Amino acid sequence: VQLQASGGGLGQAGGSLTLSCAASGSILSINHMGWYRQAPGKERELVAFITSGGTTNYADSVKGRVTISRNNANTKNTVYLQMHSLKPEDTAVYHCNAQIIPTNGWTRDYWGQGTQVTVSS
């Protein structure tokens, strides 16, 4: 089982970026999926998560500017993070996370490799 993130890059303040993260491998089901970020010199923080039922939760710092969604159809198992009205303080390495029940193994959290988002003012 692995998570593969993509979509990071350079954005301008006020602009938009969309991140995606696909889970693959021998997956029975996926519980929650989410995005965390870590800026230089800071601790990793939760940005947003979405449950298997579609309930979402956002950090106060991104509410109203970020939308998390997921696509479980046809085993796509992908979570998206749409970011709008970007701010320089959104600059960080973004990590996707998912609690996955593999077909052979124990339920646990998996992490993607991280994707850099840099927002210029």
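Good morning. The torsion about the S-S bond of C21 and C96 is about 50°, so this disulfide, meaning a pair of cysteine sulfur atoms within 2.5 Å, is right-handed. C21 belongs to strand β3 (residues 17-24) and C96 to strand β9, so the pair ties together parts 75 residues apart in sequence. Strands here are DSSP runs of E, at least two residues long, numbered from the N terminus. The S to S distance is 2.0 Å, and the structure holds one disulfide. Both C21 and C96 have a relative accessible area of 0% and are buried, that is, under 20% with a 1.4 Å probe and protein chains only.

A note on the source: this is a predicted model, in which local features need pLDDT of at least 70 and side-chain atom pairs count only at pLDDT 80 or more, while totals for chains, interfaces and linings use all residues. Residues are numbered from 1 along each chain as its sequence is written, and side-chain values use heavy atoms, without hydrogens and water.

I turn to the core. The largest nonpolar core (buried Ala, Val, Leu, Ile, Met, Phe, Trp, Tyr and Cys joined through side-chain atoms within 4.5 Å) has 31 residues. Its largest share, five residues, comes from β9. Among the residues with the most contacts inside the core are W35, L81 and Y94. Beyond its neighbours within four places in sequence, Y94 is in contact (heavy atoms within 4.5 Å) with residues including L19, W35, M83 and V117.

Finally, the backbone. Which residue has a positive phi although it is not a glycine? That is S85, at about 45°, in the loop between β8 (78-83) and β9 (92-102).

Notes. Helices (H or I, at least four residues) and strands (E, at least two) are DSSP runs, numbered from the N terminus. Buried means under 20% relative accessible area, exposed over 50%, partly exposed in between (1.4 Å probe, protein chains only).
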